[in-house]
Amino acid sequence: MVLHIFNKGIRHRELLKTCAELIGPDDSLLLIEDGVIWAKEHKENALIQGLLDAGVQVHALQEDLTARGITAADAIATADYAQFVELTERHPRSVSWF
Amino acid sequence: MKYTIVVYGAPFSSQAPYSACQFAKAVLARGHSIYRIFFYHDGVLNASSLSIAPQDDAYLPAEWATLKREHNLDLVACIGASVKRGVITPSEAERYQRSGDSLQSEFELSGLGQLVDAALYSDRVITFGAG
Amino acid sequence: MSETGKKRLLYLITRPPFGDAYGAEGLDAVLAAAVFDQDVEVIFLEEGVFQLSKNIDPAPIAMKNHAKGFKALPIYGVEKIFVSMEALDKFALSTDDLSMPVEALEIDAIKEKMATADHIFSF
């Protein structure tokens, strides 16, 4: 179980593609900082949709959504900092993509 | 659990250190301990005593200092990455004949071995990357 | 934790050389880990494979050639060095084009290494 922490917006699509390919079925994705842009409903969201279809949990950090005035799509779970910590408790290891 | 937090981003340049600071507070609030906060890459600029915030802006180096005083945290900046970026102790200032030193007193400069040591003794290592 | 009681530390190198300091500083982090006699693994992903280009010559850009340090990793006891097969394919490279002997890994093998590491550092 790996928690993938991704902090870049859609200019970094190739990075998210690399990250998404390496996400296993038990892993989770947490979008933080500019990464929360991915959580908004948007065109060409095949990468995020592909993960959701594969049953991967996709979270977006609520504080970063609020800061940017963005509302996450329904399929994305929001997590505050306390829940971010909780995610790191549940996943024995994490990898940061930036 | 024991956490180590790794910070690669500089204040005023990247959100990474602000995220790391919020995360550190949340880790402590959930009853965990922080083994070390390790600053590397441009993250070493968090340890500079010479940066000045605009009046209406948060000053992160002071936040780290407060966090350290309240929770006795180990704040370590990589010495190699620091001296390259102008974060130096009085002894380095003297050794390299620089006009002043620039390490905030709550931080310590040490080698990358401190990052490996942190990985060996921590249950979790969370990196806040930048750039 | 590996069978030997050592921690498994996985280092991902994801960026090409010279554009930023992550390659050079990632290398330093791996070298530091080598001293601790742990189970250290390095995987070059994506543009990170260019850290292992055979003909690196930063003389024209007046920068230091940190990348030859990667070649020296086995001397320091870091022998588990891998590249992503997909990254090689993407750039029409083979392991023969690289500056050192490395094993190319399929995506699933990389996933497996990530899933079994104690800690993962990315640069």
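Contact here means heavy atoms within 4.5 Å, and the legends below all describe a predicted model.

**Figure 1. The buried residues of helix α5 of chain B pack against elements of chain B and of chain C.** In α5(B), the residues L115(B), V116(B), D117(B), A118(B), A119(B) and L120(B) are buried. Within chain B, the buried residues of this helix pack against β1 (2–7), β2 (33–39) and β5, and in chain C they pack against β1 (8–13), α1 (22–35) and β5 (119–122). The view can therefore be read together with that of the interface between chain B and chain C, since the buried residues of α5(B) have packing partners in both chains.

**Figure 2. The interface of chain B and chain C brings 19 residues of chain B into contact with 17 residues of chain C.** The area buried between chain B and chain C is about 1,500 Å², and carbon and sulfur atoms give 62% of that area. Across this interface there are 2 salt bridges, one of which joins R85(B) to E25(C), with 2.9 Å between the closest N and O atoms. Between chain B and chain C, 11 residue pairs are in polar contact, counting pairs in which both residues have pLDDT 80 or more. On the side of chain B that touches chain C, at least two residues are supplied by each of α3 (79–84), α5 (113–121) and β5 (124–128) of chain B. The largest share of that side comes from α5(B), with 6 residues.

**Figure 3. The interface of chain A and chain B brings 19 residues of chain A into contact with 21 residues of chain B.** About 1,600 Å² is buried between chain A and chain B, of which carbon and sulfur atoms give 53%. Of the area that chain A buries against chain B, 35% is supplied by Y81(A), E89(A) and F98(A), more than by any other three residues. Between chain A and chain B there are 2 salt bridges, and one of them pairs E89(A) with R30(B), whose closest N and O atoms are 2.6 Å apart. Across the interface, 13 residue pairs are in polar contact, both residues of each pair being at pLDDT 80 or more. The elements of chain A that give two or more residues to the side touching chain B are α3 (62–68), α4 (81–90) and β5 (93–97). Among the elements on that side of chain A, α4(A) gives the most, with 7 residues.

**Figure 4. D27(A) is a buried acidic residue that has no salt bridge.** D27(A) is found in the loop of chain A between α1 (13–21) and β2 (28–31). The nearest side chain of opposite charge is that of R93(A), at a distance of 6.8 Å, whereas a salt bridge would require a side-chain nitrogen of Lys or Arg within 4 Å of a carboxyl oxygen. Polar partners are nevertheless present around D27(A): a polar atom of its side chain lies 2.9 Å from the backbone nitrogen of V2(A), and the side chain of D27(A) also makes a polar contact, at 3.0 Å, with the side chain of H4(A). When neighbours within four places in sequence are left aside, the residues in contact with D27(A) are M1(A), V2(A), H4(A), L22(A), V56(A), Q57(A) and H91(A).

**Figure 5. V36(A) is a buried residue in the loop between β2 and α2 (46–53) of chain A.** V36(A) counts as buried because its relative accessibility is 0%. Apart from neighbours within four places in sequence, V36(A) is in contact with L31(A), A60(A), L61(A), D64(A), L65(A), R68(A) and I70(A). V36(A) and V95(A) lie 59 residues apart along the chain, and their C-alpha atoms are separated by 17 Å.

**Figure 6. R13(A), in helix α1 of chain A, is set among its contacts.** R13(A) counts as partly exposed because its relative accessibility is 28%. Beyond neighbours within four places in sequence, the contacts of R13(A) are W38(A), E44(A) and L47(A). From R13(A) to G69(A) the separation is 56 residues in sequence and 21 Å in space, taken from C-alpha to C-alpha.

**Figure 7. Two buried cysteines are shown in a structure that holds 0 disulfides over all chains.** C19(A) is buried, with a relative accessible area of 0%, and C78(B) is likewise buried, with a relative accessible area of 4%.

Methods
Residues numbered from 1 in each chain as written. Chains lettered and ligands numbered in written order. Predicted model: local features only at pLDDT ≥ 70, side-chain atom pairs only at ≥ 80, totals over all residues. Heavy atoms only, no water. Disulfide = S-S within 2.5 Å. Buried < 20%, exposed > 50% of the residue type's maximum accessible area, 1.4 Å probe, protein only. Helix = DSSP H or I, 4+ residues; strand = E, 2+ residues; numbered from the N terminus. Lys, Arg positive; Asp, Glu negative; His and termini not counted. Polar contact = N/O pair within 3.5 Å; in protein donor to acceptor, adjacent residues only side chain to side chain. Buried area = accessible area lost by both parts, 1.4 Å probe.
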